Amino acid sequence: MNIYVDFDDCLCETARYFSKLADELFGLNIPYEQIKYFNLQKSFSLTDEQYDEMMMKGHTPQVLLSYDETPGAIETINSWLDKGHDVKIITGRPFSAFDASRQWLNQHGLERVELFCLNKYGRDTFLKGSTFTLELEDYYKMHFDYAVEDSPSAFKFFNHLPELKVLVFDRPWNQDCEFPNQNYKRCLDWKKIREIAG
Ligand SMILES: [Mg+2]
């Protein structure tokens, strides 16, 4: 099997960090549970300048390396690799975050997975001239049987694979989204993902 796994808020607890960071930087008290939109600028009601500042801070190597693992992610992925499945981490982080992201994976026992940066969200504002390692054209040549993703904004990247099973990691910002088809399943945790994908 070929498996696509998103990085932020699938492998690690990114939004929980941003909730704390918004408090630190701007004195905002918006707990993780109240992050209603995937777009953090909208969730936190930030100006463009504040959003850029927050995203820059959240993408420094030191911060990227500090994110906590989402419980069960690493064990599950390693069990897939042990069974001979192919797992690719497809992140919307820019290439400038690649080294720290690679280091996080290595430090957490995921040396064997491949990592790609795909421009999923068109976030060109906070890092001017961001580059990505994976061109859309090459992404569309990849085939996946399963995808683990939390962001409704990324669902469009699955439209070309009608058989793909999309395991939507349950997060506050994807509660109200409509799933494009019946192959989408909400998963409360990695235990559920493992039950479905084996
Ligand atoms: Mg994500």
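Here is a walk through the structure, from the overall fold to the metal site and then a few individual residues.

What you're looking at is a predicted model. The protein chain has eight helices and six strands. Follow the sequence from the start and the elements come in the order β-α-α-α-α-α-β-α-β-α-β-β-β-α. That puts a strand at the front, then a run of five helices before the next strand turns up.

How does the overall size fit? For 198 residues, a compact globule should have a radius of gyration near 16 Å, and the protein chain has 16 Å, so the two agree. If you prefer to think in boxes, the C-alpha atoms of the protein chain fill one of roughly 45 × 35 × 30 Å along the principal axes. Buried residues account for 52% of the 198 in the chain. Take the contacts between residues at least 6 apart in sequence, and 66% of them join residues at least 24 apart. On the outside, the accessible surface of the protein chain is about 9,600 Å², with 49% of that belonging to carbon and sulfur atoms. As for charge, the protein chain carries 22 positive and 32 negative side chains, and the centres of those two sets sit 4 Å apart.

Now to the metal. Which residues hold the magnesium ion? The ion is coordinated by Asp6 (OD), Asp8 (O) and Asp150 (OD), at 1.9 to 2.2 Å. Along the chain, those donors follow the spacing D-x1-D-x141-D. Asp6 sits in the loop between β1 (2–5) and α1 (14–26), while Asp150 sits in the loop between β4 (146–149) and β5 (165–169), so this pair ties together parts that are 144 residues apart in sequence. With a relative accessibility of 2%, Asp6 counts as buried because the cut-off is under 20%. Asp150, at 0%, is buried too.

Stay in the loop between β1 and α1 for a moment, where you'll also find Asp9. Its phi is near 65°, a positive value in a residue other than glycine. That's worth a second look, because most residues other than glycine have a negative phi. Asp9 is buried, with a relative accessible area of 6%. Ser45 also has a positive phi, about 50°, without being a glycine. Ser45 lies in the loop between α2 (40–43) and α3 (48–58). Is Ser45 buried or exposed? With a relative accessible area of 63%, Ser45 is exposed.

Back in the loop between β4 and β5, have a look at Phe158. Phe158 has 4% relative accessibility and so counts as buried. Setting aside residues up to four places away in sequence, Phe158 touches Tyr4, Tyr139, Ala147, Glu149, Leu164, Val166 and Tyr184. Phe158 and Pro180 are 22 residues apart in sequence, and their C-alpha atoms are 9.6 Å apart in space.

Last stop: Lys57, in helix α3. Lys57 is partly exposed, at 33% relative accessible area. Beyond its neighbours within four places in sequence, Lys57 is in contact with Tyr17, Leu21, Glu24 and Val63. Take Leu21 from that list: Lys57 and Leu21 are 36 residues apart in sequence, but 8.6 Å apart in space from C-alpha to C-alpha.

Terms used: Residues are numbered from 1 along each chain as its sequence is written. This is a predicted model: local features need pLDDT of at least 70, side-chain atom pairs count only at pLDDT 80 or more; totals for chains, interfaces and linings use all residues. Side-chain values use heavy atoms; hydrogens and water are left out. Helices (H or I, at least four residues) and strands (E, at least two) are DSSP runs, numbered from the N terminus. The radius of gyration is taken over C-alpha atoms; the globule rule is 2.2 Å times the number of residues to the power 0.38. Buried means under 20% relative accessible area, exposed over 50%, partly exposed in between (1.4 Å probe, protein chains only). Contact means heavy atoms within 4.5 Å. Accessible areas come from the Shrake-Rupley method with a 1.4 Å probe; for residues, only the protein chains shown count as cover. Lys and Arg count as positive and Asp and Glu as negative; His and the chain ends are not counted. The place of a charge is taken as NZ of Lys, CZ of Arg, CG of Asp or CD of Glu. Donors are N, O and S atoms within 2.8 Å of the metal (3.2 Å for Na, K and Ca); water is not among the atoms, so sites may look incomplete.
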